[in-house]
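User: I am new to this structure and would love a close look at one part of it. Could you walk me through a single helix and then its surroundings?

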Amino acid sequence: MNLDKLSVFRGDCPVVDTVSLVLEPGDFVGLIGPNGAGKTTLMRAALGILEHTGSSSLSVMPQSDRAKQAAWLPQVREIAWGLSVRDLIGLGRLPFGPIQKNDMHVEAAIIKMELNAFSDRIATQLSGGEQARALIARALAQDTPILMADEPTASLDPANQISTLKTFSELAEAGKGIIASIHDLGLAARYCTKLALLDRGKLVAFGPADAVLTPDNLRTVFSIEAHYEKTKEGIIFQPLSVLKKSNKNSAQGDTLK
Amino acid sequence: MRLGLFLIFLVTLLFLCSLLIGHTQAPLSTSLKALISGQGSLGTVMQEIRLPRAILAVLVGGSLGLSGAAMQGYLRNPLAEPGLIGISGSASLGAVLSLQTGFASMFWLALPLSALGMSIFAVFLIILLSGKQGRSLTLILAGIAISALAGAMTSLVLNLSPNPYATAEIVFWMMGSLADRSFDHVWIALPFSVLGAMMILSLGPALNALTLGEDTAQTMGINLVKTRYALVIGVAAMIGATTAVAGAVGFVGLVVPHILRRWVKSQPSSLMWASMLGGAALVLAADILVRLVLPDRDLKLGVVMAILGAPLFLHLIYKTRAELS
C-alpha cells in the first residue's frame, strides 16, 4: 500500500497532514501517537472511506476490489445482531461471493484467535474481550494482503494482547502488510517491525522502534519520559513520568478522534 | 430451510381459509370449483371478492413484513419499522386529500393513485433531504421530518373538513382494511410490490455486512449509497402501494421480524425472506379474524392488527428482558 501526501481536512484544519508512507508485504507497522493525533483518520482515509486529498493506492481501486485487498477492524466494536460466532466470522468472506459452510478461511481464523470453544455461542452474549477476538477473527477471515486495525488490543487482557499481536506479526512474516494503531508503546515496540509516529496529523517518524521511540520524540510528542532497553527478551519499554505538558498537545485533546 | 417450508405451508393454508370464509358459506370442493369456473353467484363471490382480497392480504402482509425486516437490518435497530421513513404517512395524506376534495369519488382508482403519487413525491423528498452520503442517521431524521409533516397535513385536512361524512370516511379509511377490494386494486399494488420486493431482497449481503457497522461494511465492498437508494425506493414502492390499496396497517413490519429473528439465527438476509412470508401469514390470519369476530360490523384490519400486535410486542419485550438479565 502506498500513501502519497495524504491529507484529511475538517473545515480548514488538517487532521491528517500530507502523510506519505509505504506499507510493504511483511511489514507490521505500529501506528502510535497521542489521542487526537489522527491515527484513525489516517487509516480510514487510506482505506478510502473518508474523503481526502493526496493519494492512497487502496482508495483509487473500485470498492469491490478494495475489499479483496484490505480488511479493516474499527475501534468501535459493533455487532448489531445475535449471530453465532462462526456466522459472524463468516461475514469476512462476503467480498468473495456467497458464504460457504465450513469455509477454510473461517475455520483457520477461529483456530488462530482460539475461539473454538465459543464458535457456536451467540456473539452478542460474549464478554467484551471475547467479542473483540471474534471481530479480529472476522477480519482475518477476509484473508486480504493488507490488514488495518484500530486499537486491536484495547479491552483485551494481557495474555490476549500478546497473543493477538503475535498473531499479527506471524501474519506479517507470512507476507501480509499490517497497520495497527496501538496505545501501549511497550507492546508496539516489541511486536511491530516498524513504528509510525503521528503528531497532530503529521508523520513525525517512521522506522524501527530504536529510531522512533527516541527520548526526544517521546518528550515532544507524548510529553513523557521512559525507560528503553534492548534485551535478549526483546525491547523493554516502560513510560516513567509525565513531563510538564507543552500546550500544543492538550489543546487538541480527544476531539479529533 | 425448514422454517421456510413451514411458512409457505402456513401461507397456503391461510390463503385457502381466506377464500372459504365470508357471508356465503359453501363446502371446500364446491367453493374451489366455483373459483375455477366462475359460474353462479358463488363463482362471482369467489373470483371477484374473495380471491382479490386474499391476494391483497398476501401482498400487503408480505410487503409490510419484508420492509420491516429490511428497515431493521439497515438501521441495525429492532425498533425500526417501514413507517419510519414517512412513506405510509405520505400515502395516507394522498388518500385523505383525495377523499376530502372529492377526487376519490370521480373514478374508481382515484384514491389509490393519489396515495401512490404522494408516496412517490415523499421518496424524492427523502432522497433530497438525506444527502449524498450513505449514512443511516440522516435517513432517519429525514424520515421523521416527512412523517411529522404528513401527519400534520392529514390532521389539518381533518381539522378543516366542513363535511362530517368525509371526515368519517377519512377516519375509517385510515384504520386500514381489505374489505370490498377488487382486482383493480391488485393490479395497482402488484407491480410496485413485486418490484420493491426484488430490490429489497437483493440487499441481503449488504444487510449482513452492516451487522458490523457502516465502516466495516464499506471495507467489505458494500456501496452504502447504492444500498440506501435501493432500500428507500424498494420500501417506498411496497409501502406506498400497500397503503394505497389497504390503508395504514401497523405493527406487522415491527412484530413479524421480531418473532422470526431467533428462527433464522439473526441473519438479516434470511430474516427478510422469513418476514415476507410471516407478514403474509399474519395479515391473512388477521383478515380472517376480522370476518369471523364481527361479520356484520366491518371490523377494520388495522384495528385488529394493533389489538393483536401490541400484546404480542409486550410479550416479546418481556422475553427479551428476561434474556438480557
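Analyst: Here is a walk around one helix, followed by a glance at a sheet in the chain.

A quick note to start: this is a predicted model, in which local features need pLDDT of at least 70 and side-chain atom pairs count only at pLDDT 80 or more, while totals for chains, interfaces and linings use all residues. Residues are numbered from 1 along each chain as its sequence is written, and chains are lettered from A and ligands numbered from 1 in the order in which they are written.

Our helix is H4 of chain A, residues 104–112; helices here are DSSP runs of H or I with at least four residues, strands are runs of E with at least two, and both are numbered from the N terminus. Within H4(A), A:Val106, A:Ala109 and A:Ile110 are buried. They lie on the same side of the helix because they cover an arc of only 100° around its axis, the arc being that of the directions from the helix axis to the C-beta atoms. On the other side of H4(A), A:Met104 and A:Ile111 are exposed. Buried means that 20 or more other C-beta atoms lie within 10 Å of a residue's own, exposed means 12 or fewer, and partly exposed is in between, with C-beta atoms placed from the backbone.

What covers the buried residues? Among the elements doing so are helix H3 (85–90) and helix H5 (128–141) of chain A, where contact means C-beta atoms, placed from the backbone, within 7 Å. Just after H4(A), A:Glu114 takes a positive phi of about 50°.

Elsewhere, chain A has an open sheet of 6 strands, ordered S5-S6-S7-S3-S8-S9 with mixed pairing; strands pair if DSSP finds at least two bridges between them.

Note on methods
Contact = placed C-beta atoms within 7 Å.
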